[in-house]
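Hi,

Here is the structure I promised to pass on. Have a look, and then read on for what turned up in it.

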Amino acid sequence: MPDALDLLRTRRSIKPREMTAPGPSSAELETILTIGARVPDHGKLAPWRFIVFEGDARARASEMIAKIFAAKNPNAQAAEIEKEKRRLTDAPLVIGVVSSAKPHPKVPAWEQELSAGASAMNIVTAATALGYGACWLTGWFAFDRDVLDALGLKAEEKLAGFVHIGTAMKPTEDRPRPVLSEIVTRF
């Protein structure tokens, strides 16, 4: 397992199409989800939950996404629909992070949504620490109410994103990162 600071300094996203099996074992998945739930959570509200897509569930969910896409885009080409059928099938494991903000007099929804984002990042970091490639993505279907309903989200819930996890097929190059002098000010 890498040093924590080295891990954070070098972590990068791996595209799902550049992932393959194996994915995390059941024990590793439990570790990843446990770490995903260890985030700042003002009020102990647990304003997030997880949907695990593995095995055939990835194809079933992707097929549902494709059907909704086709219904909303009657002029879509067959290749476009086929692309939608692969949305969650590249990586062997996908975790949907659901933001489920709750009404609270002291904890605004925005803070709870940030907690869901922190949860998604912890999932990415935990998967990376275990030696897997990981990528946090959204896409049109992460914001489409019909897709969210079909995935079982409640009307007040949002999808923070899908974290794709698998074994990287090849080393990936880092992308340019922000120059600190351009993004840091001192008050």
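To start with the helix H2: which of its residues are buried? Keep in mind that this is a predicted model. The buried ones in H2 are Leu29, Ile32 and Gly36. Looking down the axis of H2, you'll find these buried residues within an arc of 60°, so they line one face of the helix. That fits the textbook picture: an α-helix has 3.6 residues a turn, so residues three or four places apart point the same way.

What do the buried residues of H2 pack against? Their partners are the strands S2, S3 (93–99) and S5 (158–168), along with helix H5 (109–129). On the face of H2 turned away from the buried side sit Ala27 and Glu30, both exposed.

Now for the backbone, where a few spots might catch your eye. Ahead of H2 (26–36), the loop that follows strand S1 (19–20) holds proline 22. The peptide bond leading into proline 22 from alanine 21 is cis, with omega near 5°.

The loop on the other side of H2, running to strand S2 (48–54), contains lysine 44, and alanine 46 lies in the loop between H2 and S2 too. Lysine 44 isn't a glycine, yet its phi is positive, at about 50°. Alanine 46, also not a glycine, has a positive phi of about 45°. As for their surroundings, lysine 44 counts as exposed with 77% relative accessibility, while alanine 46 is partly exposed at 32%.

Cheers

Note on methods
Residues numbered from 1 in each chain as written. Predicted model: local features only at pLDDT ≥ 70, side-chain atom pairs only at ≥ 80, totals over all residues. Heavy atoms only, no water. Helix = DSSP H or I, 4+ residues; strand = E, 2+ residues; numbered from the N terminus. Buried < 20%, exposed > 50% of the residue type's maximum accessible area, 1.4 Å probe, protein only. Arc of directions from axis to C-beta. Contact = heavy atoms within 4.5 Å.
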